[in-house]
Amino acid sequence: MTDTPFKSLLPGVLGRIDSLIGRAEVVILAAGVLLMAFNTIGNVIGRFIFQYSFFFTEEVNRILIIMITFAGIGYAARHGRHIRMSAIYDALPIRSRKGMMILITIITALTMFALCYFSVGYILKVAHSGRVLPALQIPVYWIFLWVPIGFAVTGIQYALTTVKNIIEKDVYLSTHIVEGYDDDEIEI
Amino acid sequence: MAIKITAIMIVLLLAGLPMMVPLLLAAFYGFYELFDGISKMEFMVQQMLAGIRPASLIAVPMFILAAEIMTRGQSANRLIDMVMKFIGHVKGGLAVSAAAACTLFGAVSGSTQATVVAVGSPLRPRMLKAGYKDSFILALIINASDIAFLIPPSIGMIIYGVISSTSISELFIAGVGPGLLLMVLFSAYSMIYATIHNVPTEPKASWSERIEAARKAIWPLGFPVIIVGGIYGGVFSPTEAAAACVFYALVLEMVVFRSLKPTDIYKIAKSTGLITSVVFILVGAGAAFSWVISFAQIPQAILGSIGILEMGPKAVLGVISVSFFVGCMFVDPIVVILVLVPVFAPVVKAVALDPVLVGTIITLQVAIGSATPPFGCDIFTAIAVFKRPYMDVIRGIFPFTLILIAVSVALIFFPQIALFARDLAFR
């Protein structure tokens, strides 16, 4: 993935907020993975050298994996990196592909918005129950706050891609990735 | 309801939606039907979050991170180099080296895509120069990379282990036997191919060159020791082994080889995070989906209709094999595992099959399916990495598929191929 600065489709303040979210996603992904690695490595070292496991390792990893997952789905939507079975789609002529892509992005955006709504309902339920993480004593619903944000950001990205596909001539996988764009650097 | 859920999923998958969406919408529909409307939808979110909760899943990002560090640093190349120096000179030596390198690389990384890139990129130009046909090279790289699925660590096995509550350590150890068997058979085919097509043999490396290459690879050879040795010896859980690998990879590439800088690590962490997220959202969506189909007893309905309970255990393994094989010819292996494991869970239990054997067989099928036309995902990795047209990539695949099918049949009739090492280590 090239680090081409992400430029938002949205005008003015909204655009700036969108770009900020985009940058935050990158930081959360990288920092989240590194923290998870240090946390897990620390626990292994603690267990083998000091015969002492950190009491919080599992809970911290649980918080981090939720952060990474829900920051990442937005990032993946922004850069057209969600896995798809595109073999049939790729065989279609460009006009049908464009129509299909508009349909795909609309359905995906709606699914994400619905999940955002339902996850807010879930968080309210958890908050109401008053559960806390046993080791860290943090209210459990705090760690889920990323979930609706992630779904909303992903939904917005797909909705913007729909708009982009309607107003532009090419077929866009995300707001700034044109399909068939040949990246020289192979990413795995 | 079973038919509608299946139809929603297949149509949306083939239409090219991001793979999480067909799973989510099929689950949506299931919750909607089961609970008469959207009143219980927050329960679906709860199932999704429960799906990504198991602590053993942390091994997935850790193994991906370790493999990314090694591939971008020098570890991967040093391992490949050593293999070449030792067996490059036999008949079909470059091809045999490729198969061996894929196996060795599989022992440090859990992903076939990473293996295609790490082994295929340096070896393909050399093999082309030596006179191998491109169709053979591409087929060999795609299929040998699938050995990485079976050799621990294996992302697919971790996910199977978590959703079927099977010991990941035992799965890892059980994958070694079939993985090595495949390597031997692929090597044998490569030798036969080189003899028939009269591919000239490579010059033999001198012992001083070999010792030099082995010296350079001695550090990276610590990875299989940590993973297989650590788990086999009961020292590490898979997650701990994964963390130890990350630590070891960081020390090697940053301190010993000095090939990566902190900014490189930051980039690697970002791309690891992205891959993790794309996999985990699927795992979450898969968990919601699997809850719905289990609750509605859809597996029982589907499997009952083909009369699976009247079949013997071997026939059941046969049905499982074919289903996973066909599934992976069309979609990503992780999605196939997420969808089909819960479908077969009741019958595996009813026929009292060993879940570790089932997991190994599934992993093998996933590997075969991913390399099989029309849509096996490794084919598309190869198209992207080597920039060759589809037909070129698939032309030479058939003999490899035959070998893989032979091994699958062998595994059903001689489960000891997989279970021997497991029984030795854990029973």
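The following exchange concerns a predicted model with chains A and B.

Q: What is the secondary structure of chain B, in helices and strands?
A: Chain B contains 23 helices and zero strands.

Q: And what about chain A?
A: Chain A has six helices and zero strands. Read along the sequence, its pattern is α-α-α-α-α-α.

Q: Why does the radius of gyration of chain B agree with that of a compact globule?
A: A compact globule of 427 residues would have a radius of gyration near 22 Å, and chain B has 22 Å, so the two agree. Along the principal axes, the C-alpha trace of chain B spans about 75 × 50 × 45 Å.

Q: What box do the C-alpha atoms of chain A fill?
A: Taken along the principal axes, that box is roughly 65 × 40 × 35 Å.

Q: How many of the residues count as buried in chain B, and what is the share in chain A?
A: In chain B, 62% of the 427 residues count as buried. For chain A, the share is 47% of 188 residues.

Q: Turning to contacts, what part do residues 24 or more positions apart play in chain B?
A: Such pairs account for 78% of the contacts in chain B with a separation of 6 or more. In chain A, the corresponding value is 68%.

Q: How many residues are in contact between the two chains?
A: On the chain B side there are 64 residues, in contact with 58 residues of chain A. The two chains bury about 5400 Å² between them, with 79% of that on carbon and sulfur atoms.

Q: Which residues of chain B lose the most area to chain A?
A: They are B:Leu49, B:Lys270 and B:Leu274, which together make up 12% of what the chain B side buries.

Q: A different topic: where is B:Ala174, in terms of helices?
A: B:Ala174 is located in helix H11 of chain B, which covers residues 168-196.

Q: Is B:Ala174 buried or exposed?
A: B:Ala174 is buried, because its relative accessible area is 0%, and the cut-off for buried is under 20%.

Q: What is B:Ala174 in contact with, leaving aside neighbours within four places in sequence?
A: Its contacts are B:Val356, B:Thr360, B:Ala418 and B:Arg422. In addition, the C-alpha atoms of B:Ala174 and B:Ile417 are separated by 8.2 Å, with these positions 243 residues apart along the chain.

Q: Finally, how many positive and negative side chains does chain B have?
A: Chain B has 26 positive and 20 negative side chains, and the centres of the two sets lie 9 Å apart. Chain A has 15 positive and 14 negative side chains, with the centres of its two sets 9 Å apart.

Terms used. Residues are numbered from 1 along each chain as its sequence is written. Chains are lettered from A and ligands numbered from 1 in the order in which they are written. This is a predicted model: local features need pLDDT of at least 70, side-chain atom pairs count only at pLDDT 80 or more; totals for chains, interfaces and linings use all residues. Side-chain values use heavy atoms; hydrogens and water are left out. Helices (H or I, at least four residues) and strands (E, at least two) are DSSP runs, numbered from the N terminus. The radius of gyration is taken over C-alpha atoms; the globule rule is 2.2 Å times the number of residues to the power 0.38. Buried means under 20% relative accessible area, exposed over 50%, partly exposed in between (1.4 Å probe, protein chains only). Contact means heavy atoms within 4.5 Å. Lys and Arg count as positive and Asp and Glu as negative; His and the chain ends are not counted. The place of a charge is taken as NZ of Lys, CZ of Arg, CG of Asp or CD of Glu. Buried area is the accessible area (1.4 Å probe) that two parts lose on being put together, summed over both.
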